[in-house]
Amino acid sequence: MPAAARWKLLTALWTVYLVWGSTYLAIKLAVETLPAFLSAGSRFLLAGVLLALILTLTGRSIRITRRELIGSGVLGVSLLALGVGMVTLAETRIDSSIAAMIAGTVPLQVILLRTLARERVGLATRLSVLVGLAGLALVVIPGGSGASSGLGLLIALVASISWSLGSFFANRLPLPKDGFVASTWEMLCAGVFLLVLGVATGEPASLDASGFTAQSVAAWLYLAVFGSLIGFTAYAWLLRHAPISKVVTHQYVNPLVAIALGALVLDEQLTLAVAAGAALIVGSVFVAVRSENAAARRLRRSPGIADVRGTPADRSV
């Protein structure tokens with residue numbers, strides 16, 4: 001690989017590592033003074049509008065069919081509104097590192113869904129799922145997360161399940177062929193959904209702009225511009241220019257970045273049980289990704305194989 005191409009690859013990869021890993025910290029800082037649903041909804045709405053503007057200025061049409069709009073809306077609500085939006089709500093009650101560890105089990109949950117759907121999944125991959133879910137139990141069992149509330153843990157778990165279901169069914173939905181266009185509408189739909197949800201839950205009544213801190217507002221802007229727009233652009237570039245085996249490494253690097261930032265910036269403390277759970281989750285995701293990549297390579301080398309499902313990469317934004 002030429003030096004220039006390698007530099008671009010490493011830049012995009014580390015952008016996804018650091019930016020998406022840092023979103024858990026940014027969410028925690030944002031919800032210190034900003035309402036959860038309204039801040040998450042406006043974040044996605046701003047990112048969607050900016051991406052639509054960029055696509056339009058570069059001559060790419062964002063027009064889609066009604067079926068594609070419905071598919072994008074369903075996926076946007078599942079991944080972003082319920083997935084990320086609920087994580088935002090959960091972080092009003094739990095540490096950012098705990099939220100990251102629970103979200104880190106998404107690849108394992110997707111593999112579990114594939115197993116339940118009777119898809120071919122290797123033994124090593126299935127065993128890694130069991131180990132990872134045992135690690136998840138160490139994170140969410142009563143008393144295993146320190147001062148984190150049970151309700152916050154439950155909300156974060158529901159959010160991860162919603163993301164897993166969206167990832168699993170994404171290929172079955174009618175989506176625009178252009179991934180950037182699809183993500184534009186997913187973010188717009190998720191933004192509108194979360195704003196409506198915020199109004200329905202009474203967030204505007206308790207809104208006090210004078211109480212917003214510069215730190216929370218800066219974190220919100222970071223989530224909209226870096227977490228959604230720049231992070232996704234780097235991820236989309238990687239999907240087109242890098243082996244999927246490299247792209248999906250973010251699935252076990254992001255939780256590590258989130259845990260480190262939570263400890264360094266927020267002084268979040270991990271109990272021994274939670275630390276063990278984190279090690280089991282990250283290790284099992286690493287094993288699952290490696291096993292899935294190896295299985296995909298074997299299938300590609302086999303004659304007569306035309307369609308191969310690779311690693312369960314998500315479509316994070």
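Here is a walk through some of the helices in this structure and how they pack. Keep in mind that this is a predicted model.

Let's start with helix α2, which runs over residues 36-57. It has 22 residues, and at 1.5 Å a residue it should span 32 Å. Its end C-alpha atoms are in fact 32 Å apart, so the expectation and the model agree. After α2 comes G59, which has a positive phi, near 85°.

Now try the same check on helix α9, residues 214-241. From its first C-alpha to its last, this helix of 28 residues reaches 38 Å, close to the 40 Å expected at 1.5 Å a residue. Look along α9 and you'll find a kink of about 30°, centred on L223.

Next up is packing. Two packed helices are described by the angle between their axes and the distance between those axes. Take α5 (residues 106-116) and α6 (residues 123-140): they pack at an angle of about 130°, with their axes 9 Å apart. That angle makes α5 oblique to α6, because it falls neither over 145 degrees nor between 65 and 115. The crossing of these two helices is left-handed.

Who touches whom here? On the α5 side you can pick out L108, I111, L112 and T115, and they meet T125, R126, S128, V129, G132 and L133 in α6. Sorted by class, this α5 and α6 contact has five nonpolar residues, four polar and one charged.

Helix α6 has another partner, α4. The axes of α4 and α6 come within 10 Å and cross at roughly 155°. That makes α4 roughly antiparallel to α6, because angles over 145 degrees count that way. This crossing, too, is described as left-handed. At the contact, I98, M101 and I102 of α4 meet L136, V139 and V140 of α6. By class, that gives six nonpolar residues, no polar and no charged ones.

Finally, turn to the contact of α4 (residues 96-103) with α7 (residues 150-169). Their axes come within 9 Å and cross at roughly 35°, and α4 passes α7 in a right-handed crossing. In α4, the residues I98, I102 and A103 meet L153, A156, L157 and S160 in α7. Six of the residues in this contact are nonpolar, one is polar and none is charged. You may recognise I98 and I102: they meet residues of α7 here, and they also take part in the contact with α6.

Conventions. Residues numbered from 1 in each chain as written. Predicted model: local features only at pLDDT ≥ 70, side-chain atom pairs only at ≥ 80, totals over all residues. Heavy atoms only, no water. Helix = DSSP H or I, 4+ residues; strand = E, 2+ residues; numbered from the N terminus. Expected span 1.5 Å × (residues − 1). Bend = angle between axes of the 7 residues up to and from the residue. Axes fitted to C-alpha atoms, helices over the stretch in contact; angles between N-to-C directions. Parallel < 35°, antiparallel > 145°, perpendicular 65-115°, else oblique. Left-handed = near helix turned anticlockwise from the far one by under 90°. Contact = heavy atoms within 4.5 Å. Nonpolar A, V, L, I, M, F, W, Y, C, P; charged D, E, K, R; others polar.
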